[in-house]
Amino acid sequence: MATELGLSTSQFTRNYCNKEDGIYHLKDGEDGKCLFLEDNKCGVYQGRPTQCRTWPFWPEAMNAKVWDNEVATFCPGIGKGKLWNKNEIQEILDTQIASEEDL
C-alpha cells in the first residue's frame with residue numbers, strides 16, 4: 001500500500017496506522033470505513049493487503065447463513081463478474097489462513 005501511494009513504509013505507518021498490542025492496524029475512515037475506499041472502490045487496489053485481496057472468501061464468511069445475511073447484503077460485487085469454482089475459493093481461503101498465521 002505504501003508503494004502504491006509513493007510513500008516509505010514508515011511514512012505510510014505514521015500517516016495511516018495505529019499500533020495496538022504491538023500490531024499495526026489501518027486507522028478507520030469516515031463511519032468506520034476504509035480510509036482508501038473511494039466511491040465504493042479501492043483507491044490503492046494494486047497495493048491492497050492479503051485481507052482485502054481475499055475478500056469475500058474469508059473462512060468466517062463461508063458459512064451459508066453468514067454469506068447470505070452479511071456478505072451478499074454488504075458487498076456490491078456479489079453475483080457479478082467471475083464465477084469462482086470450489087478449488088479457486090479454497091486456494092484463496094488457504095492464502096487468508098496463512099496470512100492470519102503470520103500475525
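**Figure 1. Strands S1 and S2 pair up as a hairpin.** In this predicted model, strand S1 covers residues 17–20 and strand S2 covers residues 23–26. The two strands run antiparallel, and four bridges join them. To follow the pairing, pick out Glu 20, whose bridge partner in S2 is Ile 23. Then look for Asn 18, which stands opposite His 25 in S2. Two residues lie between the strands of this hairpin. As you trace the backbone, it helps to remember that in a regular strand the side chains alternate between the two faces of the sheet.

**Figure 2. Asp 21 sits in the loop between S1 and S2.** What is the sign of phi at Asp 21? The angle is positive, at about 50 degrees, although Asp 21 is not a glycine. Asp 21 belongs to the turn of the hairpin formed by S1 and S2. Is Asp 21 buried or exposed? Its relative accessible area is 81%, so Asp 21 counts as exposed.

**Figure 3. Asp 31 is another residue other than glycine with a positive phi.** Here the angle is near 55 degrees. You will find Asp 31 in the loop between S2 and strand S3, which spans residues 37–38. With a relative accessible area of 71%, Asp 31 is exposed.

**Figure 4. Gly 6 lies in the loop between helices H1 and H2.** Helix H1 takes in residues 2–5, and helix H2 takes in residues 9–16. Gly 6 is exposed, with a relative accessible area of 65%. How far apart in space are Gly 6 and Asp 21? Their C-alpha atoms are 27 Å apart, and along the sequence the two residues are separated by 15 places.

**Figure 5. Eight residues make up the largest nonpolar core.** Its members are Phe 57, Trp 58, Ala 61, Trp 67, Val 71, Ile 89, Ile 92 and Leu 93. Helix H4 (64–74) and helix H5 (86–101) each supply at least two residues of this core. Which helix gives the largest share of the core? That is H5, with three residues. Apart from this core lies another one, of six residues, including Met 1, Ala 2, Phe 12 and Cys 17.

**Figure 6. A closer look at the surroundings of Val 71.** Val 71 is one of the residues of the largest nonpolar core. Which residues does Val 71 touch, once those up to four places away in sequence are set aside? The answer is Trp 55, Pro 56, Ala 61, Val 66 and Ile 78. Of these, Ala 61 is listed with Val 71 in the core itself.

**Figure 7. Trp 55 and Pro 56 are joined by a cis peptide bond.** The omega angle of this bond is about 5 degrees. Where does Pro 56 lie? Look in the loop between helix H3, which covers residues 50–53, and helix H4. Both Trp 55 and Pro 56 touch Val 71, which you met in the previous view.

**Figure 8. Thr 50 of helix H3 touches residues far along the chain.** Is Thr 50 buried or exposed? Thr 50 counts as buried because its relative accessibility is 17%, and buried means under 20%. Leaving aside neighbours within four places in sequence, Thr 50 is in contact with Thr 95, Gln 96 and Ser 99. Take Thr 95: it is 45 residues away from Thr 50 along the chain, yet their C-alpha atoms are separated by 7.7 Å.

**Figure 9. Stepping back, the whole protein has five helices and four strands.** Read from the N terminus on, the elements run α-α-β-β-β-β-α-α-α. The C-alpha trace spans about 40 × 30 × 25 Å along its principal axes. How many of the 103 residues count as buried? The share is 22%. Among contacts between residues at least 6 apart in sequence, 39% join residues at least 24 apart. The protein exposes about 7,900 Å², and carbon and sulfur atoms supply 48% of that area. Finally, the protein has 11 positive and 17 negative charges, and the mean positions of the two groups are 4 Å apart.

Technical notes:
Residues numbered from 1 in each chain as written. Predicted model: local features only at pLDDT ≥ 70, side-chain atom pairs only at ≥ 80, totals over all residues. Heavy atoms only, no water. Pairing = 2+ DSSP bridges. Core = buried A, V, L, I, M, F, W, Y, C linked by side-chain atoms within 4.5 Å. Buried < 20%, exposed > 50% of the residue type's maximum accessible area, 1.4 Å probe, protein only. Contact = heavy atoms within 4.5 Å. Areas by Shrake-Rupley, 256 points an atom, 1.4 Å probe, with all protein chains shown as cover. Lys, Arg positive; Asp, Glu negative; His and termini not counted. Charge placed at Lys NZ, Arg CZ, Asp CG, Glu CD.
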